[in-house]
Each structure stands twice: as structure tokens, then as C-alpha cells.
Amino acid sequence: MASRLNNLAAFHQKLAKANRILAICGAGLSAASGLPTFRGAGGLWRNYEATDLATPEAFAEDPGLVWLFYAYRRHMALQVKPNAGHHALAALAKKNPNFLCLTQNVDNLSPRAGHPPSQLRTLHGSLFTLKCSSRSCNYMEPSNTADPLCPSLAPASVSPPDPSQPAKIPLLDPSHPLPRISPSQLPQCPRCQESGKQSLLRPGVIWFGESLDATMLSEIDAWIDQGGPVDIVLVVGTSSVVYPAAGYAERARTKGVTSVVTVNKEVEKRMWTRQEDLAFQGGAEEWLGKMFEPLIGALPGGGNE
Ligand code: APR
Ligand code: ZN
């Protein structure tokens with residue numbers, strides 16, 4: 001039996017026959033652009049676990065701290081560029097209208113690579129959407145790329161001279177005290193202000209314990225349910241531990257024979273359990289272009305601008 005690991009010829013055979021393709025992407029897709037992943041190396045921000053700052057409780061307790069973390073992530077996402085992985089997925093979307101890409105990334109790199117919006121669902125929102133933190137207000141501001149976002153968050157808009165050593169900047173050096181930011185110095189909701197209330201704006205991302213956008217979830221369910229089987233599910237650069245993203249590969253299998261194809265720096269056996277599954281060990285930036293080449297051709301400059 002031919003190997004199911006790193007077998008491009010086997011993938012090309014499946015791709016040639018595939019009609020409906022679903023991709024589920026995570027932080028590993030953007031790693032080669034220079035953005036850290038959440039779990040494993042790079043998952044610490046100062047001495048906080050990145051995942052501990054991504055909660056409504058953390059924001060309620062210290063909105064200045066949580067905003068500094070997100071302001072730094074906004075700044076870094078604006079500094080970097082989409083990589084060959086984002087470009088390959090965008091090119092596949094343009095070739096195949098039956099390809100839908102779900103991303104957990106909030107960095108806006110897939111849209112910047114030209115991924116058609118109708119074929120992309122940003123499960124966890126965007127760093128560049130601002131929304132009101134009050135439950136009774138639905139104010140939302142899309143596409144705000146101001147950097148710094150406001151004067152008090154300017155310390156977060158400093159790039160490390162060497163991205164592999166971000167602790168060299170004061171903001172990321174735990175021995176250097178953080179600036180104290182009072183709520184009045186943070187972005188305020190204009191709609192609440194009009195009615196004499198004060199509410200902070202917050203990043204338009206989904207935090208732990210929060211629900212994903214219901215309309216988006218039903219659109220994804222409808223996509224899976226309509227039409228024939230999902231022929232290929234690509235699972236790209238995600239540890240597949242956060243739901244619902246982690247559940248879509250198995251959910252898609254209920255319609256017929258689906259090959260789950262994992263692309264990850266660290267391939268684990270649990271990620272490709274069935275005989276029709278394949279896995280590619282290495283960077284999404286290295287593999288995706290080669291995997292899709294029969295359909296999309298060679299990417300200019302290898303896809304890295
Ligand atoms: N190419 C492919 N995979 C990579 C690369 C790369 N260049 N670099 C790292 N990886 C893999 C890692 O091996 C790991 O399996 O990417 C995965 C990143 O996993 P996580 O850090 O857990 O990121 P993700 O799966 O996107 O996390 C899901 O958790 O914290 C929340 O909301 C946040 O959207 C995020 C969600
Ligand atoms: Zn409001």
C-alpha cells in the first residue's frame with residue numbers, strides 16, 4: 001500500500017476527481033508570515049497564556065491589558081504579508097466555486113491574499129472589527145485598521161527589531177511594567193455615548209465561552225448538507241482542539257466518502273484515521289502550492305510576495 005504520508009501523487013488523484021472541497025484552517029497557516037500560534041512555542045504573551053487573555057472575564061477585569069494584547073496582534077498582523085499557503089487557498093477558491101474555506105484566524109491574511117469573500121468564513125471574527133462590549137448594544141465597526149488604535153494603545157504599535165525575539169521590546173518584556181490604561185482611555189462605543197451611556201468597544205473576535213455567529217454557522221451547515229458528498233476536507237495548521245472548527249471534518253464525512261487531508265508541521269495519528277485520509281507533514285506555505293498545482297499552476301515567486 002502506498003504511503004498516506006506526504007504522498008502528492010495520491011492527493012493529485014483525489015483532487016482531479018473532487019468536486020466539493022472544504023478547508024478548515026488555523027494559526028499554523030499564518031505562522032510562516034510571522035504570526036505566533038496559540039499552543040506551543042509563541043503562545044505566551046509576556047507571562048500570560050494567550051488563551052487566558054481571550055475571555056470576556058479577562059476583559060471585564062482588566063480591559064487595558066486585554067486591549068494591549070489585541071492592539072499588538074493588530075499591529076503585527078498589519079506588518080506581515082499573506083504567505084504561499086494563503087495564496088494557494090485563494091487561487092483554489094477562484095478555480096473551484098465548490099470550495100469553501102473556514103478559518104479560525106482573525107488576522108485578515110486570507111482576504112488580503114484575495115480569497116473571494118463568498119468562499120471564506122472567518123469563524124472567530126476579525127482583529128479589525130470593533131464591537132460594543134455591552135450585551136444590549138449591537139454596534140459594530142468593520143475594517144478599522146488604525147494603528148495605533150488610540151493614543152493609550154500606542155505602546156503596542158512597536159515592532160520587535162527581530163521577530164524571532166519579540167521579548168526585546170518593552171511591551172513584551174515581562175520584567176518591564178505595562179502601561180496602566182484606565183477604561184476612559186480606551187475606545188468607547190459611539191452609539192452608547194449618544195444615549196448617555198458609557199460602554200467600551202472591544203475586539204470583534206470570538207472569545208472562549210462565547211458563541212459563534214449563528215447566521216454563519218447555519219450557512220456552513222447548509223453548505224455541508226447541500227449537494228453531494230464533500231470529497232476532500234483539508235485540515236490546515238490547526239491543533240483541532242477548539243470546537244466547532246474541530247468537528248467539521250467528521251461532520252462532513254456523514255455524506256459519503258470524504259478524504260480528510262491534514263497539513264501540519266506536526267502530524268499526529270489522530271488527524272488521519274481512515275484509509276482514505278492523507279497527511280502532509282511540514283509547513284502549509286510549503287505544501288499547499290504543490291498540492292493544488294495541477295489546478296492552479298505554479299504560484300508566481302512560489303507564492304511568497
Ligand atoms: N504550517 C502548518 N502547520 C503549522 C505551521 C506551519 N507553518 N506552524 C505550526 N503549525 C501547526 C501546529 O503544529 C499546530 O498544530 O499549527 C497548529 C496551531 O495550533 P493552535 O496554536 O492550537 O492554533 P489553532 O488550532 O488555530 O487554535 C484554534 O484557539 O486560541 C484559540 O481562538 C484561537 O482560533 C484559535 C483557536
Ligand atoms: Zn454600544
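Which residue has a polar backbone atom 3.3 Å from an oxygen atom of ligand 1? That's Gln104. Keep in mind that we're looking at a predicted model here.

## Around the ligand

Ligand 1 sits among 22 surrounding residues, and the closest are Phe38, Arg39, Thr238, Ser239 and Asn264. By the domain assignment, Phe38 and Arg39 fall in domain 2, while Thr238, Ser239 and Asn264 fall in domain 1.

On the polar side, besides the Gln104 backbone atom, there's His124, with a polar side-chain atom 2.9 Å from a ligand oxygen. A nitrogen atom of ligand 1 gets a partner too: a polar backbone atom of Ala284 lies 2.9 Å from it.

## How the chain is divided

Domain 1 is pieced together from 1–34, 81–124 and 211–305, and domain 2 from 36–79 and 125–205. Their C-alpha centres are 29 Å apart.

## Where the domains meet

The two domains bury about 980 Å² between them, with carbon and sulfur atoms giving 55% of that. On the domain 1 side, Ala27, Val106 and His124 lose the most area, together 41% of what that side buries. So His124 turns up again: it's also the residue with a side-chain atom 2.9 Å from a ligand oxygen.

In terms of contacts, 17 residues of domain 1 touch 14 of domain 2. Looking for salt bridges across this interface turns up zero, but three residue pairs are in polar contact. Helices α2 (28–31) and α7 (109–112) each supply at least two residues to the domain 1 side. That side splits into seven nonpolar, seven polar and three charged residues.

Definitions and conventions
Residues numbered from 1 in each chain as written. Chains lettered and ligands numbered in written order. Predicted model: local features only at pLDDT ≥ 70, side-chain atom pairs only at ≥ 80, totals over all residues. Heavy atoms only, no water. Domains from an automatic or database assignment. Contact = heavy atoms within 4.5 Å. Buried area = accessible area lost by both parts, 1.4 Å probe. Salt bridge = Lys/Arg side-chain N within 4 Å of Asp/Glu carboxyl O. Polar contact = N/O pair within 3.5 Å; in protein donor to acceptor, adjacent residues only side chain to side chain. Helix = DSSP H or I, 4+ residues; strand = E, 2+ residues; numbered from the N terminus. Nonpolar A, V, L, I, M, F, W, Y, C, P; charged D, E, K, R; others polar. Near = heavy atom within 4 Å.
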